Amino acid sequence: MAIQYLALTTLVVLYSLMFIGGYISAAGLGLTCPEWPLCPNGVMPSEEYLIEWIHRTTAATTGLLVISTMIASLINKNSNLKIKITSSLATGLVITQITLGALVIDTKLHAVLVAIHLGIGIWLFAMVLLTTLFAFRISRITVKPTA
């Protein structure tokens with residue numbers, strides 16, 4: 001059952017990350033923290049960098065959760081090929097997203113890169129959603145009711 005809640009937590013944190021990213025973009029705060037991966041004041045930024053710092057910290061947390069979910073799906077003996085594929089794709093996409101996020105900052109919010117970042121984020125969300133749905137199917141398939 002742990003893989004189901006790991007996948008669900010990953011989905012919720014990823015959704016939060018996308019929500020925060022959308023807010024940052026809409027509010028024009030994309031370059032409030034012009035350095036990557038840390039803001040100018042280091043690990044604990046000043047108030048002016050707080051929202052971007054939260055976005056980056058949530059992105060790192062999401063990355064760890066996506067990778068952990070993939071590892072859990074690979075070592076779970078009841079996992080089928082679907083969950084292994086979707087969680088592995090999600091891992092590749094989250095690594096791509098983090099790299100692309102750094103490029104977006106480095107290129108000062110190049111419009112094409114920002115659009116690609118959003119598109120890959122949607123694809124990542126779809127893979128994590130499918131992984132979560134497949135994870136909850138594991139418990140239904142493997143748990144047999146007693147008579």
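Helices, and likewise strands, are taken here as DSSP runs, a helix having at least four residues and a strand at least two, with numbering from the N terminus. On this basis, residues 53–75 of the predicted model are 100% helix and 0% strand, and the C-alpha atoms at the two ends of this span lie 33 Å apart. The span is one of those to which an unreviewed UniProt entry assigns the feature "transmembrane region", the record placing that feature at residues 53–75, 87–105 and 111–136. For residues 111–136 the chain is again 100% helix and 0% strand, with a distance of 38 Å between the end C-alpha atoms.

The chain as a whole contains four helices and zero strands, and its elements, read from the N terminus, follow the order α-α-α-α. Along the principal axes, the C-alpha atoms occupy a box of roughly 60 × 30 × 25 Å. Of the 147 residues in the chain, 37% are buried.

The packing of helix α1, which covers residues 2–26, against helix α2, which covers residues 50–75, takes place at an angle of about 155 degrees, and the two axes are 9 Å apart. Since angles over 145 degrees count as roughly antiparallel, α1 and α2 are therefore roughly antiparallel to each other. The crossing that the helices α1 and α2 make is left-handed. In the contact of α1 with α2, the residues comprise 15 that are nonpolar, ten that are polar and one that is charged.

Within helix α2 lies V66, which counts as buried because its relative accessibility is 2%, a value under the 20% that marks the limit for buried residues. Although V66 and V94 are separated by 28 residues in sequence, their C-alpha atoms are 7.4 Å apart in space.

Two aromatic pairs are present in the structure. In one of them, Y5 and F136 are arranged edge-to-face, with 5.7 Å from centre to centre and 85 degrees between the planes. Because Y5 belongs to helix α1 and F136 to helix α4 (residues 111–142), this pair ties together parts that are 131 residues apart in sequence. Both partners are accessible in part, Y5 being partly exposed with a relative accessible area of 45%, and F136 being partly exposed at 26% relative accessibility. Another pair is formed by Y15 and F125, whose ring centres are 6.2 Å apart and whose planes stand at 55 degrees, so that the pair is classed as tilted. This pair, too, links distant parts of the chain, with Y15 in helix α1 and F125 in helix α4, 110 residues apart. F125 is partly exposed, its relative accessible area being 22%.

The backbone of the loop between α3 (81–106) and α4 remains to be described. K108, which is found in this loop, has a phi near 60 degrees, a positive value in a residue other than glycine. With a relative accessibility of 53%, K108 counts as exposed, since the term applies to residues over 50%. L109 also lies in the loop between α3 and α4, and it shows a positive phi of about 65 degrees despite not being a glycine. At 35% relative accessibility, however, L109 counts as partly exposed.

Key:
Residues numbered from 1 in each chain as written. Predicted model: local features only at pLDDT ≥ 70, side-chain atom pairs only at ≥ 80, totals over all residues. Heavy atoms only, no water. Axes fitted to C-alpha atoms, helices over the stretch in contact; angles between N-to-C directions. Parallel < 35°, antiparallel > 145°, perpendicular 65-115°, else oblique. Left-handed = near helix turned anticlockwise from the far one by under 90°. Nonpolar A, V, L, I, M, F, W, Y, C, P; charged D, E, K, R; others polar. Phe/Tyr/Trp six-rings, centres within 6.5 Å; stacked < 30°, edge-to-face > 60°. Buried < 20%, exposed > 50% of the residue type's maximum accessible area, 1.4 Å probe, protein only. UniProt positions renumbered as here; feature names shortened; annotations may be inferred.
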